[in-house]
Amino acid sequence: MTQIDTQLQDLRQNAQDEIASCETLDQLEQLRINYFGKKGQLSKVLGAMGKLDPSERPRIGAMANEVKQAIQTDLDDKRTALQAAQLEAQLQSETLDVTMPGIYRPQGQIHPLNGIIDRALDIFVGLGYTVATGPDMESDYYNFEALNMPPDHPARDMQDTFYLPGGNLLRTHTSPVQIRYMEQHKPPLRVIVPGRVYRRDSVDATHAAVFHQIELLAVDEGLRFSDLKGTIKEFLRQMFGDLPIRFRASYFPFTEPSAEVDLQWQGKWLEVLGCGMVDPNVLQAVGYDPEQYTGFAAGFGVERFAMVLHQLDDIRRVYASDLRFLRQF
Ligand code: DAH
């Protein structure tokens, strides 16, 4: 027995003990480096091989290989065991009990009026329109004057107005957004404008003080009444299917000629929108040349649409926040 025999046997024994008592993968890696690294224990022992009697070298060499193999096998087995234990621990800590009862969270839904606005906007976006909005508080200029209703114009009486301190008012319709949009853009333009509007009306089954409109405006060269009619018809067809409709001559200060459109519903004609060719005075108010451009406009009553689509007899219900009612839609 040479000294190197003993050293190899001790090395083997120590490695076996240390690997057996090792508890983590990090420690195990340290052990591997400690034994097999460049400056590791095995290299140290083998470094002394040169001093051996040459006749001894093959035997010691073979022995060193055996020791190395044995340690390697111990390291591999231990790594496998530690990895399995780690996975097991992870699975334990992440256990999910799929039989636990869930937490009930009440499911919200789109309000029927918003649902109708969404549908209408989708249809117009499909027809190439852009969605725009404007403020609820307006000045007299945008709500009336620029729309061809100068002070003392009798048509102002058609819309009983909530006036605010400081000369402002709550818009009585979405038409002021026509003016605001045209001031900011050049023709050609096609916009669709949803919004809340306010009137000093006495509230009943078909009137509310706060309600919703959708305004339509198209300005381009060469637009004619037939373009307006075709657009409205296509919209109503997509919205209501094949309900009978009729155009009826009417009057609005901001359109000339003007019309109202009725839907036949429950055996009666129900007015659902006003429309017309934009009055040249309105185009002039925003600096457009009425000799070059023409336009058409319309204002839809969202609550009226809701009455038809959801068979409502009293629009006050849609504002009452009664979930038993709202959940039906
Ligand atoms: N602003 C009108 C109203 O509230 C509705 C309306 C009629 C809008 C004709 C329009 C239009 O754009 O062309 O009664």
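**Exercise 1. Place Asp152 among the secondary-structure elements and describe its backbone.**

Solution. Start with the position: Asp152 lies in the loop between helix 6 and strand 3. Helices (H or I, at least four residues) and strands (E, at least two) are DSSP runs, numbered from the N terminus. Next comes the backbone: phi of Asp152 is near 75 degrees, a positive value in a residue other than glycine. Then turn to Asn148, which is found in the loop between helix 6 (140-143) and strand 3 (168-170). Its phi is positive too, near 70 degrees, and Asn148 is a residue other than glycine.

A word on the source: this is a predicted model, where local features need pLDDT of at least 70, side-chain atom pairs count only at pLDDT 80 or more, and totals for chains, interfaces and linings use all residues. Residues are numbered from 1 along each chain as its sequence is written, and side-chain values use heavy atoms, with hydrogens and water left out.

**Exercise 2. Find the cis peptide bonds that precede Pro188 and Pro257, and place both prolines.**

Solution. Take Pro188: a cis peptide bond joins Pro187 to Pro188, with omega about 5 degrees. Pro188 sits in the loop between helix 7 (176-184) and strand 4 (189-198). Now take Pro257: the cis bond here is with Glu256, and omega is about -5 degrees. Pro257 belongs to strand 7 (residues 255-265).

**Exercise 3. Describe the surroundings of the ligand and its polar contacts.**

Solution. First, the shell: 16 residues surround the ligand, and the closest are His173, Ser175, Arg199, Gln213 and Glu215. A residue is near a molecule if one of its heavy atoms lies within 4 Å of it. By type, the shell has five nonpolar, nine polar and two charged residues; Ala, Val, Leu, Ile, Met, Phe, Trp, Tyr, Cys and Pro count as nonpolar, Asp, Glu, Lys and Arg as charged, and the others, Gly among them, as polar.

Second, the polar contacts (pairs of N or O atoms within 3.5 Å). A polar side-chain atom of Glu215 is 2.6 Å from a ligand oxygen atom. From the backbone, a polar atom of Ala297 is 3.1 Å from an oxygen atom of the ligand, and an N or O atom of Ala298 lies 3.3 Å from a ligand oxygen.

Third, the elements: those giving two or more residues to the shell are strand 5 (210-220), strand 8 (268-278) and strand 9 (294-301).

**Exercise 4. State the domain layout of the chain.**

Solution. Read off the bounds, which come from an automatic or database domain assignment: domain 1 (3-93) and domain 2 (112-326). Then take the separation: their C-alpha centres lie 86 Å apart.

Conventions:
A polar contact is a pair of N or O atoms within 3.5 Å; within protein, one must be able to donate a hydrogen and the other to accept it, and residues adjacent in sequence count only if both atoms are side-chain atoms.
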